[in-house]
Amino acid sequence: MRWSRYFLYTLRDNPSDAEVVSHQLLARAGMIDKLAAGIYTYLPLGWRSLEKLARIVREEMNAAGSVELAMPCVQPAELWQESGRWQFYGKELLRIKDRHDREFCFGPTHEEVITDAVRRRVTSYRQLPANLYQIQTKFRDEIRPRFGLMRGREFVMKDAYSFHTSAASLDETYRAMERAYRRVFDRCKLSYTAVEADTGNIGGSESHEFMVLAATGEDAVVACECGYGANAEKATTAPIAPPPPWPGAAPAVPEQVHTPGATSVPDVAAFLHLDPSHFIKTMIVETDAEFAVALVRGDDEVNEIKLKNVLGATHLQLAAEAKVEQVTGGGMGFSGPVGLVGVRVVADPEVMRMAVAAAGANRADYHVVGVVPGRDFTPAIVADIRVARAGDPCPRCGGPLVVKRGIEVGHIFKLGTKYSAKMACNFLDEAGAVQPMIMGCYGLGVGRTVAAAVEQNHDDAGIVWPRPLAPFEVELIALNPDVPAVREAAERLYADLEAAGCEVFYDDRDERPGVKFNDADLIGFPVRVVVGKKGVEQGQAELSLRRDRVKTPVALADAVAKVRELLAGL
RNA sequence: CGGGGCGUAGCUCAGCCUGGUAGAGCACACGGUUCGGGACCGUGUGGUCGGAGGUUCAAAUCCUCUCGCCCCGACCA
């Protein structure tokens, strides 16, 4: 492709609204163009990257036994009412009406549509399992779109859905999808990790996220050298080290102490000369159904996702100050588990392991010391509700955990019968009994993966594309196109490279060298070939890799072979 | 939805406080000199100052409303 006949306009300045580097570079490299908040045009160069990834995804999905189809992006409300999500999905679901005032939504995901398509055709265990996927534009009216393609409202996603007669069959496909995802991200040359994840409001029994590791990632992942990895929302740990010994003799019975104005654990700890880990941190939360109390050790944090799951709630938030007083009788910052009645108390196991502790007294400006968990209070539930921290022992091997940042590019779920049961997507088993199908779903963010690739592969000058995702593989620059010998040499090289099957992008513009070099660095095609006046006089071109930008002269006659050699090594 | 900020040329921004002929750099067009890491000189093109209403002799500037965008938070297949 010749630049002069393409549609590519690079930007010298970062768009003022671009915050993260992938957004800045994709915009400056003329690959995406924002139309509205979280809504982008994929310009020709950007679309090529998405298509390259889509092709890889297709190959791997097909190889793993999934079958491609395409579903509508506009979906009737009836299906969503049937699954119950018309009510639950909230404002993220973009609802629209047609001219007859009938309700539709723009699909954020396609469980309902695929389940409907399957139930109208599949009736027997003999027809299962089935595994279908599509690559399609979705819309989710995110509260706050940001970071360019990383969190758009409209985005391209590959979504697959599988249907099974048994958990074992689902597991088989789930593993196949996991392997397919690994192959996709391996082929993209991305550094990633697969982690256990919370199933969120989609529901289901097992779930993994594929995280591309990048400093700017939105999600924290907890990982161990032994291979354990989990989303920070989900991560568990082996028992952590106990608090240091209680200074002096702890009171034999709980004893109230005056702690005026000290509401945070560090403040009270300093005031009473205790360690934060001697405290029981007591958080009052409000769910869709009740008030509840969460207890973690003073140096820990409550993991609201874990807590939500333990409580069986769909929404959870910290209770407002007035509510705290209502529940505990004390003010915010003086809550404790002793003497609380009328609310469910959830304690983290680490709290129950404490020999003796300090906590709020449920009375303004007072705390209580000498509290013994199990003796002075008995929680309704003991469950892991703490946030795993870096350095905590791995739940599998006991080694120290590390926390990294990642970008969620894929998410696979075992859905079970959540949708099939509600929507009567049933089959007859061998015994002739009606059973709901067991489902899995498998998402892969195509645009987000491209953005993640940029996030992970760039330098000060611009993008450094991994070859499989590069819009073009080779950039050919004619430095002085007005010099006939240069023009001829470049034109010949261009034709030869194309004939050799290379994806060449030929910068034939009448621009100064610096402009061309800077654009080449910005756009980041893996291999660069420069044809200049001096080189041509000596029958040479210059090759370099975007990765290291080390320049090597090569005879014009050997250039094509050398380019192919370089590409093969990428 | 809460808090904060911003909408002025294709892009990045100044001007607004203190009302008085709409600016700069880049980009673009033409001429000339340049030409291996974002050249220079000259001459130009280009803006209903997001929109509506109000105050005023006079509004980009002050006031009200409204729309859009960004950041922080809460939220998140």
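How are helix 2 and helix 12 oriented relative to each other? In this predicted model, the axes of the two helices, spanning residues 44-63 and 446-456, come within 9 Å and cross at roughly 110°. Angles of 65 to 115 degrees count as roughly perpendicular, so helix 2 and helix 12 are roughly perpendicular to each other. As for handedness, helix 2 passes helix 12 in a right-handed crossing. On the helix 2 side, the contact is made by Ser49, Leu50 and Leu53, and these meet Val446, Gly447, Thr449 and Val450 of helix 12. Sorted by class, that contact holds 4 nonpolar and 3 polar residues, with no charged ones.

Helix 2 has another partner to look at, namely helix 6, which covers residues 167-187. Here the axes come within 9 Å and cross at roughly 145°, and the crossing is right-handed. Helix 2 brings Leu53, Ile56, Val57, Glu59, Glu60 and Met61 to this contact, while helix 6 brings Met177, Ala180, Tyr181, Arg183, Val184 and Arg187. The class count comes to 8 nonpolar and 4 charged residues, and no polar ones turn up. Leu53 is worth a second glance: this residue is listed in the contact with helix 12 and again in the contact with helix 6.

Stepping back, chain A is split into domain 1 (16-206 + 409-454), domain 2 (255-382) and domain 3 (472-568). Notice that domain 1 is written as two stretches of the chain. Between the C-alpha centres of domain 1 and domain 2 there are 40 Å.

Next comes a helix pair further along the chain. Helix 13 (residues 484-499) and helix 16 (residues 559-568) have axes that come within 10 Å and cross at roughly 50°, which makes helix 13 oblique to helix 16. The crossing, with helix 13 passing helix 16, is right-handed. Leu493, Asp496 and Leu497 of helix 13 make the contact with Ala559, Val560 and Val563 of helix 16. Of these residues, 5 are nonpolar and 1 is charged, with no polar ones in the mix.

Finally, there is Lys551, which sits in the loop between strand 30 (540-545) and strand 31 (552-555). Is Lys551 buried or exposed? Its relative accessibility is 53%, so Lys551 counts as exposed. Leaving aside residues up to four places away in sequence, Lys551 touches Arg528, Glu542, Leu543 and Ser544. Tyr42 is 509 residues from Lys551 along the chain, and their C-alpha atoms are separated by 32 Å.

Conventions. Residues numbered from 1 in each chain as written. Chains lettered and ligands numbered in written order. Predicted model: local features only at pLDDT ≥ 70, side-chain atom pairs only at ≥ 80, totals over all residues. Heavy atoms only, no water. Domains from an automatic or database assignment. Axes fitted to C-alpha atoms, helices over the stretch in contact; angles between N-to-C directions. Helix = DSSP H or I, 4+ residues; strand = E, 2+ residues; numbered from the N terminus. Parallel < 35°, antiparallel > 145°, perpendicular 65-115°, else oblique. Left-handed = near helix turned anticlockwise from the far one by under 90°. Contact = heavy atoms within 4.5 Å. Nonpolar A, V, L, I, M, F, W, Y, C, P; charged D, E, K, R; others polar. Buried < 20%, exposed > 50% of the residue type's maximum accessible area, 1.4 Å probe, protein only.
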